[in-house]
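Colleague: I would like to go through this structure and ask what stands behind the words used for it. Please set the values against the cut-offs as we go.

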Amino acid sequence: MRAHKLVTALTAVALLTGLAAGCGSDPDESGADGATKIRLVTTSPTVTLLAIYAADQQGFFKNHGLDVEVTSVNDATTIPAAIGKQFDVGWTVQPIGINAAASGVPLTIVGGGERNQPDNQQLFLLSAKGSKYKTVADLAGAKIGSATLAGANTMLVKATLDKAGVDLKSVQFVQVGFSDMPDQLAAGAVDVIAVSPPNSQIALDAGAQNLGVSPYNIISETALTTFLMANTGWAKEHAEALAGMRAALDEGGKWISDHPADAKTLLSKRTGLDIATVDKLSLQLPRYTYQDYTAQDFVPWVELMKTYGTLNKSTDANQLITKMLGQ
């Protein structure tokens, strides 16, 4: 039996309904062939999750004595509330996980995730072909398409504009789904898009202009962009299993680097992306560090959220992250 079972995606409504119905009973922790079962919840299938798919396909979870069951949900903001109830471990982006922990949800960071690289950017600012917006400094008065209006990308873009001296009051942010961004940009519905692979490549192939800046550099050239979290009590009781999971995921990341052609085929299979589109991601397959992360991968995010997000400005960043790391 496979160590990892990919469960059909749930809608956010179904997830919340399950919580309301009291689906938080203790699960049977015995998985396939006596392996330790871990119920992992992620966002909808995307390139960011490729190491998870690789660890499944290549049997890395099983090699570490784990039976990892993955459920995907459409709305990542519902994940923190489900940890410790329907699920054991949750994938998240920094603002969602940090906001939840700051509000009192007992969450511990139990793994790193995708990491930006100077030669492998995961967020781009693009303008339309022939647009007057050619650099970040030009963006006063621009309408910018972003996946969420209060999410990580919008905060990163605001900080990037601020640093370039652009008056944020002159800029309008519009919510646009990633998959719609290339068409919305070409149609003139927005002036600029804050977009990640593979949709960045689709837009560039259609003639979009790269404004030549990486918003993630506000955090670090090698910013950790996602992480794994678990209920604090559960994490303490399952330290060995979590160590095995992190190792398996890093093995999945190494397999991606060593087998890019096979990794693209796997990505196409798991996400439904056309293989021709995936083939264009020659320099844009993510890199992962699930085992290697420190407080400094998270503290700058807290400061960003205090300035450009909804996190209370009195929040002590070091204290919050130390608690989330279980230190």
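Modeller: What follows takes helix packing, then pockets, then one peptide bond, and the model is a predicted one.

Colleague: Why are α13 and α14 called oblique to each other?

Modeller: The axes of α13 (residues 299-308) and α14 (residues 317-324) cross at roughly 130° and come within 9 Å. Roughly perpendicular covers 65 to 115 degrees, and roughly antiparallel needs an angle over 145. The angle of roughly 130° fits neither class, and the pair is therefore oblique. The crossing of α13 past α14 is right-handed.

Colleague: Which residues of α13 and α14 meet?

Modeller: Val 299, Val 302 and Glu 303 are on the α13 side, and Ala 317, Asn 318, Leu 320 and Ile 321 are on the α14 side. By class, the contact of α13 with α14 has 5 nonpolar residues, 1 polar and 1 charged. Asn 318 is the polar one and Glu 303 the charged one, by the classes used here.

Colleague: What makes α5 and α13 roughly perpendicular?

Modeller: Their packing angle is about 80°, with the axes 10 Å apart. That value lies between 65 and 115 degrees, so α5 and α13 count as roughly perpendicular. In this contact, Gln 94, Pro 95, Ile 98 and Asn 99 of α5 face Trp 301, Val 302 and Met 305 of α13. The class counts are 5 nonpolar, 2 polar and no charged residues. Val 302 of α13 takes part in the contact with α14 and also in the contact with α5.

Colleague: How do you know which term to use for α2 and α11?

Modeller: Helix α2 (residues 50-57) and helix α11 (residues 260-271) have axes that cross at roughly 100° and come within 10 Å. The range for roughly perpendicular is 65 to 115 degrees, so α2 is roughly perpendicular to α11. From α2 the contact uses Leu 50, Tyr 53, Ala 54, Asp 56 and Gln 57, and from α11 Ala 263, Leu 266, Leu 267 and Arg 270. These divide into 6 nonpolar, 1 polar and 2 charged residues.

Colleague: What lines the largest pocket?

Modeller: The largest pocket holds about 1200 Å³ of space and has 47 lining residues. Trp 91, Val 93, Ala 147, Asn 153 and Phe 178 lie nearest its centre. At least two lining residues come from each of β4, α5, α6, α8 and α13, and α6 gives the most, with 5. By class, the lining has 22 nonpolar, 22 polar and 3 charged residues.

Colleague: Which element gives the most to the lining of the second largest pocket?

Modeller: That element is α14, with 4 residues. The second largest pocket has a volume of about 210 Å³. It is lined by 15 residues, and Ala 101, Leu 107, Leu 320, Lys 323 and Met 324 are closest to its centre. Besides α14, β5 and α9 give two or more residues. The lining has 6 nonpolar, 6 polar and 3 charged residues. Leu 320 also belongs to the contact of α14 with α13.

Colleague: What kind of peptide bond joins Pro 197 and Pro 198?

Modeller: The bond is cis, with omega about 5°. Pro 198 sits in the loop between β10 (192-195) and α8. Most peptide bonds are trans.

Key: Residues numbered from 1 in each chain as written. Predicted model: local features only at pLDDT ≥ 70, side-chain atom pairs only at ≥ 80, totals over all residues. Heavy atoms only, no water. Axes fitted to C-alpha atoms, helices over the stretch in contact; angles between N-to-C directions. Parallel < 35°, antiparallel > 145°, perpendicular 65-115°, else oblique. Left-handed = near helix turned anticlockwise from the far one by under 90°. Contact = heavy atoms within 4.5 Å. 1 Å grid on protein atoms, 1.4 Å probe; cavity = no way out; pocket = protein on both sides within 12 Å on 5 of 7 lines; lining within 4 Å. Points joined across faces, edges and corners; volume = space filled by probe spheres on them.
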